[in-house]
Amino acid sequence: MSDQGSPNSIKISPKQTGECEKIDIVFKDIDYTVIKKKNQQHILRGVSGICKNSQVNAILGSSGAGKTTLLNILCQRVQNSSTQVLKGDILANNIAYSADQFTQFASYVMQDDILLEALTVKECFQFAANLKTTGTAEQKSKKVEEITKMLKLEKCQNTFIGGNFVKGISGGEKKRTSIGYELISNPQCIFLDEPTSGLDSFTAYCIIDLLRRYAHNQNKTVVFTIHQPSSDIWNMLDHVMLMVEGQFIYQGPGGMNVVNYFSSIGFKCPIHSNPADYLMSIMSNGNEINQKNYSLYYQEYSNNLKPVIMREIQQSQQGNLPAKQLGTSYFYQIAQITLRQTKILKRNPILFIARLIQSILISLLMGAIYWQIPGPLDNPTQRNINDKNGFMFFWVYGNFMMALLPCVLTFPQEKQTYLREENSKLYSVGPYFIGKYIVDILPSAFFPALSSIIVYWMIGLNTDNPGKVLFLIFVCAIQGITGLGLGYLCGCIFQNAQVSIAVTPMLLIPFMLFGGYYKNQGDYASWIGWIQYLSPFKYSFSAVAQNEYSYEGQGYPQNPIHQLNFDLSMWESVGCLIVLSFAYTIVAFVLLSLLKQKVQ
Ligand SMILES: Nc1ncnc2c1ncn2[C@@H]1O[C@H](COP(=O)(O)OP(=O)(O)OP(=O)(O)O)[C@@H](O)[C@H]1O
């Protein structure tokens, strides 16, 4: 396979500060154990090594050897806790670094491509450039152009990323976009977890070639895990670390050096074999003979290679680390996120139209079922009052669910993008949450308001004065926003949309039962009655019912307000609903802040 262009054909603008530090990553005696209920799993067993600047450093090994774990540790994504014990030193230019410091000189590309499907490749890069680089708008756009060109994504730069709902770019283009997203800030080190997995051999080759040129031309440190490299890729690896069951069996220069080393200890690679395939075959733990040889591999490594590596560690690069701080203000971050969320909302007209049709159809259905319920001047019976109560309760419940369900469905997925971007220090949790809330609040309030207008006259609700109509619309809009808040909360609690969508409606059952319709508010047992104060339906039903049943002139002879036994006035109920809405949202915000533990 031929080289893809000359090594000098790619160049990213130098950093504005003019700095061009070389960074060596060194790790010493890394020992990692996971503590399970009954036993412990020793995953990394005192490994030491070096990832050199201006080189492609590859960690290879059989499945379960501990490659990803080591990479995560180097990226400061693994911390000591009650379930895991991590020992050893991780240094960059001989300086210990924290997770926050890591983001100032390095980037991490996860195995899964977590990108927003409704954006184009160019928009993804522009977003990252706006938040992760300094300079004028023109300079940022130039960076986007450079990275697009460097990754050979010009042809698809205006194509959507795509995913479940939208057809988009190919897997290889997605992977290159994920890499570009991190490369745009021109980090000194880049760590990638299996950047070639799931790609055809040519695309995999192009990606490694690109990383190699990034390392060689700009003195960057490139580190990645890789499963089964083709022979072309194998020849591009400058520094190779081979891992078996949490220990190194080889570490040193790549290519023929590895083959020669294994020949010297009795494992000769057949002439026409891909060395990587051969090495994988002698490392695999599915083979009993291999397992018997493990002690020999470890022994030879300790005797022959480890001393060399320890010397290299001692001679590794020294010097200050770049201290690149996130330069954008909170307001700028909010504006960027709001713009992006608006774009995503606009790009999804099907969802908008579906919600519009749903609102209209449900309103018409409700209007038809509860058509012109007799009011106080039409000699209403108790049955009419029961019908109206049924309608009002269902209405506040329906408006709540219409705002909650789309959020519960989409937020767990979106949360992954947030966690990745927050981890890369593109923005912080506050601006993200505010930007998202500003955009999501509009449909959550609009659809309940629209359907309330439709249904109002069909049912013949209170038209004593225009304020009555406006009040119902207002309460239903607030109810929608409250549903959004609880949707965020459930989206934060549950890992994925399936669990979230299955469990959330069940969690709402107590709230419904304590809403004041199924059982009179005055009749709850005191030991359990407190639950009603957490229920949004209690407040919205109370507000809507009191609005409906209070007349300036002659009211209902049966006095439904008295029957329903509300303990708060209509405005007090609205006030409590607003407070509850804020409470759900704030708890969701706190949970999201806590969730920003390192993404593994
Ligand atoms: N937090 C954890 N809890 C329990 N087991 C873990 C944890 N992290 C890693 N392991 C286990 O440690 C071993 C190494 O995992 P790791 O993901 O590092 O392997 P790998 O070499 O990257 O494998 P693959 O190539 O299949 O991804 C596996 O057996 C895995 O199940």
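How do the residues of the shell around the ligand divide into nonpolar, polar and charged? The split is three nonpolar, nine polar and one charged, where Ala, Val, Leu, Ile, Met, Phe, Trp, Tyr, Cys and Pro count as nonpolar, Asp, Glu, Lys and Arg as charged, and the others, Gly among them, as polar. This is a predicted model, so to speak of local features takes a pLDDT of at least 70 and side-chain atom pairs count only at pLDDT 80 or more, while totals for chains, interfaces and linings use all residues. Numbering runs from 1 along each chain as its sequence is written.

Back to the ligand: 13 residues surround it, a residue being near if its C-beta atom, placed from the backbone, lies within 6 Å. The closest are Ser63, Gly64, Lys67, Thr68 and Thr69. Two elements, strand 2 (40-51) and helix 1 (67-74), give two or more residues to this shell, and helix 1 has the largest share, with three. Helices (H or I, at least four residues) and strands (E, at least two) are DSSP runs, numbered from the N terminus.

Zooming out, the protein has 20 helices and ten strands, and its C-alpha trace spans about 100 × 60 × 45 Å along the principal axes. An automatic or database assignment gives domain 1 (24-111 + 217-323) and domain 2 (362-595), with C-alpha centres 55 Å apart.

Of the 600 residues, 42% are buried, that is, with 20 or more other C-beta atoms within 10 Å of their own (exposed means 12 or fewer, partly exposed in between; C-beta atoms are placed from the backbone). The largest nonpolar core, a set of buried Ala, Val, Leu, Ile, Met, Phe, Trp, Tyr and Cys residues joined through C-beta atoms within 7 Å, holds 147 residues. Cys124, Phe125, Ala128, Phe191, Val223, Leu242 and Val396 touch the most other members. Helix 13 (residues 382-423) supplies the largest share, 14 residues, and each of the two domains gives at least three. Leaving aside neighbours within four places in sequence, Leu242 is in contact (C-beta atoms, placed from the backbone, within 7 Å) with Leu60, Gly61, Phe248, Ile249, Tyr250, Leu279 and Met283.

As for the membrane, an unreviewed UniProt entry annotates "transmembrane region" at several spans, including 350-371 and 570-595; such annotations may be inferred rather than shown by experiment. Residues 350-371 are 91% helix, with end C-alpha atoms 30 Å apart, whereas residues 570-595 are 100% helix, with ends 37 Å apart.

Definitions and conventions. Contact = placed C-beta atoms within 7 Å.
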